[in-house]
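Colleague: I'm new to this one. Could you walk me through how to read a few of its features?
Modeller: Happy to, let's open it up.

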Amino acid sequence: MTALVESHAVTSPADPVLAVRDIRVAGPAADQEIVRGMSFELMPGKTVGIVGESGSGKTMTCRAILGILPDRFETTGGSVHLAGHDISTLTPAQWTALRGSTISAVFQDPASYLNPSIPVGPQIAEVVRVKKGLRRRDARRRALDLLAAVRLRDPELVYTQYTFELSGGMLQRIAIAAAIAADPQVLIADEATTALDVTVQAEILDLLADLRERTGLALVVVSHDLAVVAQLCDEVLVMRDGEVVEQGPTTRVLYHPEHSYTRLLIQEHERYGLDAFFDRTEVAS
């Protein structure tokens with residue numbers, strides 16, 4: 001299979017590829033602060049998880065990092081450095097160049113980000129042509145390699161299919177293929193497995209873990225499901241009402257939580273079997 005990631009990092013291995021420092025996001029209402037003081041660093045090949053209930057500020061944090069806040073929302077404090085760039089200084093053209101090639105994202109509903117009137121393969125090939133400057137034939141070949149890399153059977157057939165012909169799990173794999181088409185250093189997965197059944201969800205999480213291990217891709221995983229975080233993340237941030245109430249290594253936060261809200265989330269998720277991912281006796285030793 002063709003190598004999917006080329007070396008283009010502008011940071012050294014010792015530097016974080018993403019550094020979020022005390023980021024604050026305000027909403028349209030007076031005195032409405034949606035995110036209050038979020039901070040974390042992400043190293044190449046590592047995964048940070050952000051968990052919390054709906055409305056806790058998880059998605060707004062990601063949108064601030066991606067520079068795509070909705071109208072009337074704005075970043076009011078803090079900083080985000082992406083591969084050595086302070087994003088607050090970027091022009092629209094510079095942002096366009098960075099999105100996809102340095103940072104990319106996968107969201108909950110992949111169908112809403114794919115054009116239903118064009119087969120999915122050419123959509124991926126177009127990303128490659130625009131971001132990598134490949135000719136049409138080479139872009140098609142790379143798109144097929146990407147479809148194979150996300151473990152879709154018969155990439156040649158899938159390349160020609162439309163969104164309505166594909167299952168939710170297949171569409172999410174295609175969204176991931178498009179997201180990694182230009183070899184980003186950071187991938188944000190915002191509730192990327194929420195709408196999938198348990199078996200397909202496990203397959204997508206395994207795919208993301210494999211991409212991270214093979215390519216050095218750094219991941220930000222946003223989820224309300226602690227089992228997802230337990231399986232994939234090195235570090236976890238627990239958000240409530242726009243604030244980080246607990247932060248640290250995943251095993252410590254999940255099995256030795258310090259905040260009452262974290263303990264409540266864990267109690268609510270115990271029936272999903274977090275022990276499937278961690279052995280409590282090993283963590284406690």
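Colleague: By class, how many nonpolar, polar and charged residues does the lining of the second largest cavity have?

Modeller: Keep in mind that this is a predicted model. The lining has seven nonpolar residues, two polar ones and one charged one. Going by name, you'll find Ala189, Glu191, Ala192, Thr193, Leu205, Leu208, Val221, Val222, Ser223 and Val228 there.

Colleague: What is the volume of that second largest cavity?

Modeller: About 40 Å³. A search of the whole structure turns up two cavities of 30 Å³ or more.

Colleague: Which element gives the most to its lining?

Modeller: That's strand 8, with three residues. Strand 8 spans 218-223, and helix 7 (198-215) also supplies at least two residues of the lining.

Colleague: Let's stay with strand 8. Is it enclosed or open, and why?

Modeller: Start with the general idea: side chains in a regular strand alternate between the two faces of the sheet. So look at each face in turn. In strand 8, Ala218, Val220 and Val222 are buried on one side, while Leu219, Val221 and Ser223 are buried on the other. Since six of the six residues are buried, strand 8 is largely enclosed by the rest of the structure.

Colleague: Which strands are joined to strand 8 by bridges?

Modeller: Strand 3 (residues 47-51) is joined to strand 8 by five bridges, and the two run parallel. One pair to look for is Val48 with its bridge partner Val220. Strand 7 (residues 186-190) also runs parallel to strand 8, again with five bridges. There, Ala189 stands opposite Val221, and both of these residues line the second largest cavity.

Colleague: What about the sheet with the order 2-1-4-5: is its pairing parallel or antiparallel?

Modeller: Antiparallel, and the four strands form an open sheet. Its edge strands, strand 2 (33-42) and strand 5 (85-86), each pair on one side only. Between strand 1 (residues 18-26) and strand 2 there are seven bridges, and Leu18 has Leu42 in strand 2 as its bridge partner.

Colleague: One last feature, a helix. Which residues of helix 10 are buried?

Modeller: In helix 10 (residues 260-269), they are Tyr261, Thr262, Leu265, Ile266 and His269. They cover an arc of only 140° around the axis, so they sit on the same side of helix 10. What do these buried residues pack against? Helix 8 (226-232), strand 9 (235-240), strand 10 (243-249) and helix 9 (250-255).

Notes: Residues numbered from 1 in each chain as written. Predicted model: local features only at pLDDT ≥ 70, side-chain atom pairs only at ≥ 80, totals over all residues. Heavy atoms only, no water. 1 Å grid on protein atoms, 1.4 Å probe; cavity = no way out; pocket = protein on both sides within 12 Å on 5 of 7 lines; lining within 4 Å. Points joined across faces, edges and corners; volume = space filled by probe spheres on them. Nonpolar A, V, L, I, M, F, W, Y, C, P; charged D, E, K, R; others polar. Buried < 20%, exposed > 50% of the residue type's maximum accessible area, 1.4 Å probe, protein only. Arc of directions from axis to C-beta. Contact = heavy atoms within 4.5 Å. Pairing = 2+ DSSP bridges.
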